[in-house]
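Biologist: I would like to learn how to read this model, one feature at a time. Where should we begin?

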Amino acid sequence: MTATKLSISGVGKNFGAVRALDRVDLDIAPGEFVTLIGPSGCGKSTLFNMLAGLLEPDAGGTILLDGKPGKLLGRTAFMPQRDLLLPWRNVLDNALLPCEIEGLPRAETRARAEKMAVDFGLRGFEKHFPQQLSGGMRQRVALMRTFMFERDLMLLDEPFGALDALTRSMMQRWLLDIWARYRRTIIFITHDIDEAIFLADRVVVMSARPGRIKLDRRIELPRPRDAHLLTAPEFTAIKRELLDAVEEESLKSFSA
Amino acid sequence: MNRAVILRGILGAVLLIGAWEFSVRFFALPQWILPPPSGILATAWSGRAALLPAAAMTAYEALSGYAIGAVLGVGLAMLLALAAPLRAVLLPMVVAVNSIPVAAYAPLALLWFGTGALSKIIMVAFIVGFTVFLNALDGLTRVDPAAIALLRSFGAGRLRLLWTLRLPAALPSIATGLRISTVRAMIVTLVTEMLGSQLGLGWTIFQAVLLIDFLQVWAAILVASIISLLFFGVVSAIERRVVFWR
Amino acid sequence: MLRAALPILLLFALWEAAVVGLAIDPFYLPSIRVVAAAMQAQSGFYLDAYLVTLAEAALGFAMGGLVGVASALLFTRLPMVKDMVLPIFIVSQTVPVIAFGAIVVLWFGNTLMAKAAIAFYLTFFPVTINTLAGIAAVDARQVALLRSFGAGQGAVMRKLLLPAALPRIFTALRLSASLALAGAIVGEWFGATRGVGAMLLAAMFNEQIVSLWASILVAAAVGGTLFAAVALAERAMVFWREEL
Ligand SMILES: Nc1ncnc2c1ncn2[C@@H]1O[C@H](COP(=O)(O)OP(=O)(O)OP(=O)(O)O)[C@@H](O)[C@H]1O
Ligand SMILES: [Mg+2]
């Protein structure tokens, strides 16, 4: 195993005259949980699109997965900002979508999905259709779909952005639980500083557009983490530090 | 739909037919202005020996043309959904041809394919094909780009995208096209039959007009409407079952 | 303008290329040059047909559009009446209405009104139904918001419901444009001496393939005129895109 799972260097992106992403350099170790935070429009989703192989970085940037260059499409498990569940497929079939595209044997993946549905709190809802689910459940189905696509690197774009505060904090603890069990490398975009700190081994703060890495903060809080952590003094200290950085950038993105 | 709404609908229909029957009798309207519903029903019943074969012919032409047109329309749309450059050239031409009313090329079909069933089947297939094609292509190409990106990130290719995402996503518009096409198929069959045929409800109507037999015209319209309504109803019911997520 | 003309020119080019390249029997498809020459030789005759049919179709189409929108607005105000009449409307949509052409000609005689009445009938229903669908699709919370600003029924209608239904109204109008024209043409089959329909019928009975194609082109021109009118009105009135 290589020491770095993902190595991004000098990656930038222009959309016509708009410089969405400046030069991003970032190394991520295997099994690490990294949260990415930054003002709206700073290029977070753009970076993910490039990591997922949906978008080519501008010349000069390189992305190495497992130390090797090459096509990225189909090599990372990508979860977009919206759940994008297909309304004509039930919960299980939605979760099975990536396996079906990969052409994996159906019976086997089905059995695996049925087991995983229990972990994702979807037991008894396997035959339901997305329209019949609550927002939190839909998000869990989308996450399960991402987990079914067994790739070591997972890219989660604001998975809990649309949820209410209560559901959200439950989902956070639950995600940490799942992560501890499945041990994948996760990059997680969020707008919520509490969420960023609570989940992460490392919080990466991006600058206002054109986005670049402004701050890379290691979070050495003990795991497993619970809700009380949010009021602990060491948590608040980190939060103050990050807030300063984020506020500064948010102001910039408004005055720009 | 709740019961009150259904009851009001039935009430409306009963009122309409009642008012029709009543005013025809009360004002003693001549038949050429408006025959009474009872008279139309009686004529349809007593003339059933002649109307039934005509109806069977019309239904046969409309259904065969519909089936051919539906398959061609969806197939062609799927082909063009895969070929964006070809689509950009072909689609405006298809739209231009589609703006010519059916009635204009019906005579052409009769000259080319004779006055038998073939000319009607081809006309229906042509019109249904156009309608379904345009609806299907619209659905196939108007898929959420984010969903396409997601499937591509799982490694899906063009064919996979077409089959797993575009086609199901287009089902509602394809179904709409198929539903609209039922009535159009009947109209085209009748129009082409009016121009020239040996058998069929359109021909019955045309003959009855020439013979100034108004009751017969209304009776034929009644039978054609029943076929059309059945056809529409069956396709709508299938649509509701297939496109359950709407 | 050029964007609209290009596919038509391309079609003509394909037509000519097919005739010359594949040596198609002129009984099936005469050269476009021959058809154009025939149209030019009798330009007054074809122009007359164009104008007559356009007048019939456009008159019925315009009336159908207006009455259709008006009755949809009326139904929105009187839901009881709507529940009673709408099912009849929907069923009558499945009636092959063109069959009524014969009867309407009997009622009105061979007048402009007869064909306009058929075109009216074919436009009226789709426009009513689509306007109602457009109004029904308006978010009830938006209506509530306007009411909370103190808007009355009329204001809600004018400022919210009607504009919200406009995209669908135009969808119906585009659909009915060619239906209205088809209605006018079929209306002319029952004994008319002027108009595209009469020309088509005469050309068919005399097996004059060139004048049949010329008539089809005239029909296309009438259809194109109606379409262009709808498209221009749509561009002027619906400058926003329908949100999905
Ligand atoms: N396909 C595209 N074409 C043109 N501009 C784009 C495209 N995608 C993104 N942009 C622009 O690039 C910038 C960054 O967009 P991006 O979606 O990556 O932001 P983000 O950080 O994910 O924002 P948010 O937090 O609101 O999701 C924005 O200014 C956006 O308008
Ligand atoms: Mg984003």
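Modeller: Start with a single residue, and keep in mind that this is a predicted model.

Biologist: Is A:C42 buried or exposed?

Modeller: Compare the relative accessibility with the cut-off. Buried means under 20%. A:C42 has 0% relative accessibility, so it counts as buried.

Biologist: Where does A:C42 lie in chain A?

Modeller: In a loop. That loop runs between strand 3 (33–37) and helix 1 (44–51) of chain A.

Biologist: Which residues does A:C42 touch, leaving out those up to four places away in sequence?

Modeller: A:A20 and A:L21 come before it in the numbering. The others are A:M206, A:S207, A:A208, A:R209 and A:G211.

Biologist: How many ångströms separate the C-alpha atoms of A:C42 and A:P222?

Modeller: They are 31 Å apart, with the two positions 180 residues apart along the chain.

Biologist: Now a residue in chain B. How does B:G233 count in terms of accessibility?

Modeller: The class between the two cut-offs runs from 20% to 50%. B:G233 is at 34% relative accessibility, so it counts as partly exposed. B:G233 sits in helix 10 of chain B, residues 214–242. Its C-alpha atom is 31 Å from that of B:I33, and 200 residues separate the two along the chain.

Biologist: Let us move up to domains. What are the domains of chain A?

Modeller: Look at the residue ranges, as a domain may be made of several segments. Domain 1 of chain A takes 1–76 + 152–200 + 212–256, and domain 2 takes 83–150. Their C-alpha centres lie 24 Å apart. The contact draws on 16 residues from domain 1 of chain A and 12 residues from domain 2 of chain A.

Biologist: How much area do domain 1 and domain 2 of chain A bury between them?

Modeller: About 1300 Å², with 70% of it on carbon and sulfur atoms.

Biologist: Which residues of domain 1 of chain A lose the most area to domain 2 of chain A?

Modeller: A:W174, A:Y182 and A:R184. Together they give 34% of what that side buries.

Biologist: And what are the domains of chain B?

Modeller: Domain 1 of chain B covers 1–28 + 36–42, and domain 2 covers 47–242. The contact uses four residues from domain 1 of chain B and four residues from domain 2 of chain B. The two C-alpha centres are 31 Å apart. About 350 Å² is buried between these domains, and carbon and sulfur atoms give 85% of that area.

Biologist: Next, the chains as partners. Which chains have the most contacts between them?

Modeller: Two pairs of chains touch, and the most contacts are between chains B and C. Chain A and chain C do not touch. Their nearest C-alpha atoms are 15 Å apart.

Biologist: How many residues are in contact between chain A and chain B?

Modeller: Chain A brings 21 residues and chain B brings 18. The two chains bury about 1800 Å² between them, 72% of it on carbon and sulfur atoms. On the chain A side, A:L54, A:W88 and A:I101 supply 37% of the buried area, more than any other three residues.

Biologist: Now whole chains. What is the secondary structure of chain B?

Modeller: Count helices and strands. Chain B has 10 helices and zero strands. Its C-alpha trace spans about 75 × 55 × 30 Å along the principal axes. Of its 246 residues, 52% count as buried. Chain B exposes about 11200 Å², and carbon and sulfur atoms supply 75% of that.

Biologist: What is the secondary structure of chain C?

Modeller: Chain C has 10 helices and zero strands. Its C-alpha atoms fill a box of roughly 70 × 45 × 30 Å along the principal axes. Buried residues make up 48% of its 244 residues. Its accessible surface is about 12000 Å², with 70% belonging to carbon and sulfur atoms.

Biologist: How many of the contacts in chain C with a separation of 6 or more join residues 24 or more positions apart?

Modeller: In chain C, 76% of them do. For chain B, the corresponding share is 73%.

Biologist: Last, charge. How many positive and negative side chains does chain B have?

Modeller: Count each sign, then compare the centres of the two sets. Chain B has 16 positive and 7 negative side chains, with the centres 12 Å apart. Chain C has 14 positive and 11 negative side chains, and there the centres lie 14 Å apart.

Conventions:
Residues numbered from 1 in each chain as written. Chains lettered and ligands numbered in written order. Predicted model: local features only at pLDDT ≥ 70, side-chain atom pairs only at ≥ 80, totals over all residues. Heavy atoms only, no water. Helix = DSSP H or I, 4+ residues; strand = E, 2+ residues; numbered from the N terminus. Buried < 20%, exposed > 50% of the residue type's maximum accessible area, 1.4 Å probe, protein only. Contact = heavy atoms within 4.5 Å. Areas by Shrake-Rupley, 256 points an atom, 1.4 Å probe, with all protein chains shown as cover. Lys, Arg positive; Asp, Glu negative; His and termini not counted. Charge placed at Lys NZ, Arg CZ, Asp CG, Glu CD. Domains from an automatic or database assignment. Buried area = accessible area lost by both parts, 1.4 Å probe.
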